[in-house]
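Trainee: I would like to learn how to read contacts, helices and domains in a model. Could we go through an example together, one feature at a time?

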Amino acid sequence: MNAAANPNPTVGRQNALSTRGLSKSFGSLTVANDIALNLPVGARYALIGPNGAGKTTLINLMTGMLAPNSGQIFLGGDDVTALAPQQRVRRGLARTFQINTLFAGLNALEAVTLAVCERRGVTGRFWQNIAVNKDAIEEAYEILVKLKLGDCCYQPTRELPYGRQRLLEIALALATKPKVLLLDEPAAGVPQEESGDIFEVVAGLSDDLTLLFIEHDMHVVFRFATHIIVLVGGAVFTQGTPAEIAADPGVREVYLGARKHG
Amino acid sequence: MLPPVFGVLFDGIAYGMLLFVLSVGLSVTLGLMNFVNLAHCAFAMLGGYVTVILMRDLHWPFFATLPMAFCAAALLSIVVERILYRRLYRASDLDQVLLTIGLAFISVAIAAWFFGTQQQPITLPSYLHGSFNVMGLNIAAYRLFLIAIGIVVTVMLIVTVEHTRFGAQVRAAVDNQRMARGLGIDVDRTFAITFALGSGLAGLGGALAIEIVGLDPQFAFTYLVYVLIIVSVGGLGSIGGSFAAACLIGVSDIAGKYYAPQLGAFLIYLVMVAVLMWRPAGLFGRR
Amino acid sequence: MTDIPTVAPQLYLQSRSRWRPIEIVFWLATLLPFWLFPDYLSLASQIAVASLFALSLDLILGYAGVVSLGHAAFFGLGAYTAGLFSIYVWGEVFTGLIAGAAVAALVGYASSFIISRFRHLTLIMITLGLGLLLHEAANSAGWLTGGSDGLQGIEVWKVAGLFSFDLYGVTAYSYTLGVLFVVFLAARRLINSPFGLALRGIRENFVRMPAIGADSNSHIRKVYTISAALAGVAGALIAQTTQTVSLEALSFERSADVLVMLVLGGAGRLYGGLIGAAVFMIARDQFSGIAPQYWYFWIGILLVVVVMLLPNGILGGLSKIFARWSRR
């Protein structure tokens, strides 16, 4: 596990998450083509690109929900390519979903408590009352309060307003105490005036947390990201600081231009 | 002189053809809609009783009753699809299982009410009756007839699915329902028609089965097990898969009864569990 | 938002597992047959056994969302094990129960590795196939199980050395009800445990579970084993109280019946299986004059009605009516 034993010298400890030559295709359709990325610890990365560029696919590959045809994924220097999604989560790689993927019949407190209990490894205990795990419940409640869900956490998830369900997506991911958090359009479907609230929450997360988020709203991207990756046709088109990306004529053409036309 | 294994093989394939006609409709509708229709063999049973009534009470010739068995099952399936199934396409598989088991129970009771619980024999025309000898092999005319029907049905299905506009729609919908809808294919209508055709084939299978396995009200459940085994072993939505699985199960069952009668139906269940553990989506399944 | 929490989160979760008065009334009501229907105590003990069986199915179906069409396999295993245990070892009932539960749990644990890999139709087929496989195996192994004649010669001792099984079923009902209550307490504890919460998570969203770091397959293996053990206890009870085991204990009909009971009462609710079993068994007793095929006609009608009109069973319907009524 030490750096000397690391087969790939460019994947250092300073990177929270990296990929090497990550590729995936469905038949003749290539959705990820030789993707190599390094996310330094504490970075705030935005992943942008036109529809169908393979942004969600990349998150699915990183989290193990899709198996790549080739390439590797490193989490804090360790190769996690062969690990199942839940094992990656336990090592600190969490994600949210673009389309709400919540526990409709549980309330927010139960759902986040469940995630906390899974992390603490107590969900195998069928003989003790859930309320015995006071620390886990209070930790869950603190996360909910931090995300402004404290006042509705006894309501079944399916009855929560949509914007709050989006926040619960993030709360569930935070409950796993991630080192790296991948947010797939955290404000998807939320009215513009509320999407600011969601990104304020995201911006307020701990500095140790490495973030990668997919977002279409360029104002949000330029405001919150320290670094931007442009994905086109399943491949990394370019990456750089917001200023570099804004000045890049190629990006204007393929991405901003494409959006203007439709 | 051929060894008895060829006789077992012949009987097994004939039996497999029967099972194929019974099950192929369920396979296609499952692949289309993921709808778990445990009442499939109730439609088969209806076909069987139609043939019995027409032959015994109205003295129709056997061959004339077969289209009627097909049509009766197809018509009933349209009604049932309209009234009940249509509302449950997006329901959980548990709800679908419960509803269709319920319908199967009802069909058993109705059959018992009208016909009693005894077997319903029919008298086949003389040319389907006897058997002849080929190189020491006893070939029953009716089994040869079953194999012929099985091949005709297979060819017709493949031609329909591969070479007609309707078939293209079915394939598109099985492959990717959302995309098919996006292309303007009326998936619900496609399904209703496929469902009717599949149930019709089941009805035909029910009529053909009388001579081989008999017909009583328990038919709806006894052969449901076989049909489900073939569908899951062959893979959902795959005609070729159903064909191969039907042959495999038919031969296994006959061979089991011939060589190891004390095992009973043990062998086919073992084949099913083994195939599914090896390939959870079935032999030809893609998912 | 009007629902500002007034109770602390921990106390809130604790309060959800508190005994409600209606529950105490329910369990007191289970004692009524001793005085009100002394002629029906053997039926009552059959209801208790069916309730226990339905409760075991509820754990996997209602709480973890695993649909099984072959749960009778474990019921039958428990029944045959307890029966054989009393013939070849001794007739003490509690050790017989434990033996039945242990064998069912062992087979459940072995098959859970298969079960946990599949979902949907393949899962339904695998459970059905394994159930039929066992039924055929018991049929073939006539030297051990008695085949289609059933297992004869079961003799059990007095319960706790004091109460022998009488003709009226006083001991049988006391015994089965006692076991049911103890198992119910355990199941209730399980549902309100962290494990129970994880099971509800699996039912509510199977896809999300890995994304919160949960190993759903290991949860499913565990609950399947527990459920098999409880079904084994139910089977052992029927063997001990009726002193015979027939092949029917392993049959598809029994798997279907328990599914009907659970769905009728309301899956995913602790009392669903209990209420469903009582309604089902009493109805069957009342209509015992009619031939079995007509009985299944009404079961069929019932299933169609439940699926179409009463998706959460009797208890689901009642709680909906109650919610509407209390809101008024």
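**Reading chains, helices and domains**

Mentor: Let us begin where two chains meet: 33 residues of chain B are in contact with 32 residues of chain C, where contact means that the C-beta atoms of two residues, placed from the backbone, lie within 7 Å. This is a predicted model, in which local features need pLDDT of at least 70 and side-chain atom pairs count only at pLDDT 80 or more, while totals for chains, interfaces and linings use all residues. Residues are numbered from 1 along each chain as its sequence is written, and chains are lettered from A and ligands numbered from 1 in the order in which they are written.

Trainee: Which element gives the most to the side of chain B that touches chain C?

Mentor: Helix 4 of chain B does, with 14 residues; helices here are DSSP runs (H or I, at least four residues), numbered from the N terminus. The residues on this side of chain B divide into 26 nonpolar, five polar and two charged, where Ala, Val, Leu, Ile, Met, Phe, Trp, Tyr, Cys and Pro count as nonpolar, Asp, Glu, Lys and Arg as charged, and the others, Gly among them, as polar.

Trainee: How many residues has helix 4 of chain B, and what span does it reach?

Mentor: An expected span is 1.5 Å times one less than the number of residues. Helix 4 (residues 93-115) of chain B has 23 residues and reaches 32 Å from its first C-alpha to its last, close to the 33 Å expected. Just after this helix, B:Gly116 takes a positive phi of about 75°.

Trainee: At what angle do helix 2 and helix 9 of chain B cross?

Mentor: Axes are lines fitted to C-alpha atoms, for helices over the stretch in contact, and angles run from 0 to 180 degrees between N-to-C directions. The axes of helix 2 (residues 40-56) and helix 9 (residues 219-234) of chain B come within 8 Å and cross at roughly 125°. The two helices of chain B, helix 2 and helix 9, are therefore oblique to each other (under 35 degrees counts as roughly parallel, over 145 as roughly antiparallel, 65 to 115 as roughly perpendicular and the rest as oblique). Among the residues that meet are B:Ala44 and B:Met45 in helix 2 and B:Tyr223 and B:Leu224 in helix 9.

Trainee: Into which domains is chain A divided?

Mentor: Domain bounds come from an automatic or database domain assignment, and chain A is divided into domain 1 (1-92 + 179-262) and domain 2 (101-177). Their C-alpha centres lie 26 Å apart, and nine residues of domain 1 of chain A are in contact with eight residues of domain 2.
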